[in-house]
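Student: I've got a protein model open and I'd like to go through the labels people attach to it. Can we take them one at a time and check each against its cut-off?

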Amino acid sequence: MTLESTADTVPVAAIVPALRTAFDRGVTRSLRWRIQQLTALKRMLEERSAELEDALFLDLGKNPTETQLTEVGIVLAEIDHTLANLRRWLRPRRVGVPLAIAPASASTLLEPLGVVLVIAPWNYPLQLLLAPVAGALAAGNAVLLKPSELAPATSALMAALVPEYLDPRAVAVVEGGVAETTELLAERFDHIFYTGNGTVGRIVMTAAAKHLTPVTLELGGKSPVYVDDTVDLAAAARRIVWGKFLNAGQTCVAPDYLLATRSVAAALTPHLVEAIGELYDGDPRSSSSYGRIVNDHHFSRLTGLLEGERLLTGGRSDARTRYLAPTVLGDVSRDAPVMQQEIFGPILPIVHVSGLDDAIDVIRAGDKPLALYAFTNSKTAARRILTETSSGAVGFGVPAAHLGVTGLPFGGVGESGMGHYHGRRSVETFSHEKAVLRKPLAPDTMRLIYPPYTERKDGFIRGLLRRLS
C-alpha cells in the first residue's frame with residue numbers, strides 16, 4: 001500500500017498501520033534503501049530549490065539567501081555528513097568481556113525503532129522538519145512528517161514533494177492543525193520528535209506516555225548573551241545583531257536578552273544601532289534581507305512587550321505587513337514582562353548586571369536555556385560560564401552558529417528540551433542500541449558457576465570476584 005500526501009485522502013488511523021506494515025516487512029532496513037532515501041531527499045532540495053525559496057518567502061518573508069543558509073544548506077550538510085559516515089556508524093561496536101564470562105565476544109548493534117513521528121515548528125519549517133527526518137531515515141525507520149500549519153506554503157509544498165521523491169510505502173506527510181496533531185498523537189509510534197514550545201511539549205509527552213513511546217523534545221527558552229569589556233564591542237555587536245535578528249528574531253537559539261554592566265551597555269549600544277543599519281541597508285523595513293512576523297497573534301504579542309520599555313532603537317511596526325523593526329530595549333527590569341517569556345521576535349532587552357557573578361546569578365535563576373552566549377576574552381570568565389551554568393549549548397564569540405556544526409549534538413536541557421540530534425546523534429536517537437553476546441558451547445566454562453554450590457565452588461567464585469574488582 002502506498003500513502004497519499006495528506007490525511008484528507010487517507011484517514012490518519014490508516015496511515016500509521018500502513019507505515020508499520022512497510023517497516024515490519026523490512027522495506028526500510030537495508031543500507032541501500034537508507035542511502036537511496038537520503039540521496040533522493042538531497043535531490044529534492046537541489047532540484048526544487050526555487051520552489052522552496054518561494055514558499056519560505058510567502059510564509060516568513062525570508063530572503064532566498066537566508067533560506068539557503070539557514071534552511072536548505074543545513075539540511076544538505078546534514079545529509080552529506082550522514083552519507084559519508086553512515087556505513088561506519090552502523091558497524092557493530094566491540095565491547096570487552098569480563099574474565100568470568102570468557103571465552104565470549106560482546107558488541108552493540110544499532111537497530112531501527114520502527115515508525116517515527118516528526119512534528120515541525122513554523123519558524124524554520126523546512127530545516128526543522130527535514131533535518132530530523134534525515135536522521136530517522138538513515139537509522140532505517142518509517143517516518144510520518146507533520147509540517148506546521150502556521151507555515152502553510154511550506155507545508156503544502158512538503159505534502160506535494162515528499163511523496164514524489166521519497167518511498168511512499170514508508171514515508172508520509174500529514175498536514176493540518178491541532179485536530180490533526182491530536183489525532184496523530186492518539187496513535188502508537190516508536191519515537192516522537194517534536195520541535196516547538198514547552199506547553200505543547202508537555203502535551204506530546206503526555207500522549208506518548210500512554211504508549212511508553214520515547215520522545216525527543218527540542219524546545220526553546222530565554223538564551224542569554226553576556227558581554228564584557230575585554231572584547232571588540234563593534235565586532236561583538238555585528239555578531240549579536242546577526243544572530244538576534246536572523247529570521248526576524250524567530251529563532252529558538254537567538255540571543256533572547258543581553259547581560260552587561262552599565263558602562264559596557266552604554267558603550268555597546270551605538271555599535272548595535274550601527275550594526276542594524278549595516279546589515280539591513282539602513283532601513284530594515286525596505287530591506288529584502290529582513291523578514292516578517294509569522295502571524296497576527298505573534299505580532300500583537302511582540303508589540304505588547306514593548307509597552308512601558310525604553311527604546312534604544314527600533315520599535316516601529318506595521319500591523320498590515322506584520323513588520324516589527326529590529327528593537328533594542330535599555331535598562332530592562334529583571335521582572336519586566338519581556339523577561340518572563342521567550343521573546344521569539346526582533347526585540348533585544350539589555351539587562352544591567354554588576355559583573356560576572358551577577359550575570360551568572362541571573363542565568364541560574366531562570367530555566368536552563370537552549371543556548372548561552374558569551375563575548376569575553378577572559379579565560380577565567382569563559383571557564384566560569386562553562387562550569388557554573390547549565391544550557392543546551394554554549395557559544396563563545398558567536399551566537400546560533402553551533403547549529404551548523406554537524407558533529408555537535410543539538411538539544412536542550414530541562415525546560416529547553418530533552419534528547420539531541422545531528423550527525424551520528426540523529427542515527428543513535430532514532431535507533432535502539434542492542435546488546436549482543438556470543439559464547440561458544442565448548443569449552444563450557446559456565447560449569448564452574450553452575451549449581452549445586454559447593455564449598456569449593458564458593459571459594460572459586462569469591463576469589464574470582466575479588467580479582468575482578
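Student: What makes the contact between the side chains of Arg20 and Asp190 a salt bridge?

Tutor: First off, keep in mind that this is a predicted model. The N to O distance for Arg20 and Asp190 is 2.8 Å, and the rule asks for a side-chain nitrogen of Lys or Arg within 4 Å of a carboxyl oxygen of Asp or Glu. So the pair qualifies as a salt bridge.

Student: Why can you say that this pair ties together separate parts?

Tutor: Arg20 sits in helix α1 (residues 12-24), while Asp190 is in the loop between α7 (178-185) and β6 (191-195), so the bridge connects parts that are 170 residues apart in sequence. Both Arg20 and Asp190 are buried, too.

Student: What about Asp331 and Arg262, how do you know that they meet in a salt bridge?

Tutor: Their N to O distance is 3.8 Å, and the limit is within 4 Å, so the pair counts. Asp331 is in the loop between β13 (327-330) and β14, and Arg262 is in helix α10 (residues 262-279), 69 residues apart.

Student: Why is Asp331 called partly exposed, and why does Arg262 count as exposed?

Tutor: Asp331 has a relative accessible area of 38%. Buried means under 20% and exposed means over 50%, with partly exposed in between, so Asp331 gets the middle label. Arg262 comes in at 53%, which is over 50%, so Arg262 is exposed.

Student: And which partner does Arg334 have in a salt bridge?

Tutor: Arg334 pairs with Asp358, with the closest N and O atoms 2.7 Å apart. Arg334 is in the loop between β13 and β14, Asp358 is in helix α12, and they are 24 residues apart.

Student: Why do Arg334 and Asp358 get the burial labels they have?

Tutor: Arg334 has a relative accessible area of 41%, between the two cut-offs, so Arg334 is partly exposed. Asp358 has 16% relative accessibility, under 20%, so Asp358 counts as buried.

Student: Which residues are joined into one network by salt bridges that share partners?

Tutor: Arg20, Arg188 and Asp190. Over the whole model, the count comes to 20 salt bridges.

Student: Back to α12. Which of its residues are buried, and what covers them?

Tutor: Helix α12 (residues 356-365) has Leu356, Asp358, Ala359, Ile360, Val362 and Ile363 buried. Their cover includes β8 (224-227), β9 (257-260), β14 (347-352), β15 (372-375) and α13 (379-388).

Student: How do you know that Thr67 is buried?

Tutor: Thr67 has 0% relative accessibility and the cut-off is under 20%, so the label follows. Thr67 lies in helix α4 (residues 64-89). Setting aside neighbours within four places in sequence, Thr67 is in contact with Glu53, Leu56, Lys62, Val72 and Gly73. The C-alpha atoms of Thr67 and Asp54 are separated by 9.5 Å, for residues 13 apart along the chain.

Student: Which residues have the most contacts inside the largest nonpolar core?

Tutor: Leu45, Leu130, Leu144 and Val227, in a core of 142 residues. Helix α5 (residues 127-138) gives the most to this core, with nine residues. As for Leu144, its contacts beyond four places in sequence include Ile15, Leu19, Val116, Val173 and Phe189.

Student: Now the outside. What makes Leu448 suitable for a nonpolar surface patch?

Tutor: Leu448 has a relative accessible area of 45%, so it is partly exposed, and a patch residue needs over 30% and no salt bridge. Leu448 forms the patch with Ile449, Tyr450 and Phe460, about 330 Å² of accessible area together. Leu448 itself is in the loop between β18 (431-438) and α15 (455-468).

Student: Last one: how many of the residues score a pLDDT of at least 70?

Tutor: 98% of them, and the protein averages 95. Over residues 1-7, though, the pLDDT is below 50, and this stretch has 24 contacts in the model beyond near neighbours in sequence. Where pLDDT is low, the predicted coordinates should not be read in detail.

Definitions and conventions. Residues are numbered from 1 along each chain as its sequence is written. This is a predicted model: local features need pLDDT of at least 70, side-chain atom pairs count only at pLDDT 80 or more; totals for chains, interfaces and linings use all residues. Side-chain values use heavy atoms; hydrogens and water are left out. Patches are made of residues with over 30% relative accessible area and no salt bridge: like charges are joined within 9 Å, nonpolar side chains (Val, Leu, Ile, Met, Phe, Trp, Tyr) within 5 Å. Accessible areas come from the Shrake-Rupley method with a 1.4 Å probe; for residues, only the protein chains shown count as cover. Helices (H or I, at least four residues) and strands (E, at least two) are DSSP runs, numbered from the N terminus. Buried means under 20% relative accessible area, exposed over 50%, partly exposed in between (1.4 Å probe, protein chains only). Contact means heavy atoms within 4.5 Å. A nonpolar core is a set of buried Ala, Val, Leu, Ile, Met, Phe, Trp, Tyr and Cys residues joined through side-chain atoms within 4.5 Å. pLDDT is the predictor's confidence in each residue, from 0 to 100.
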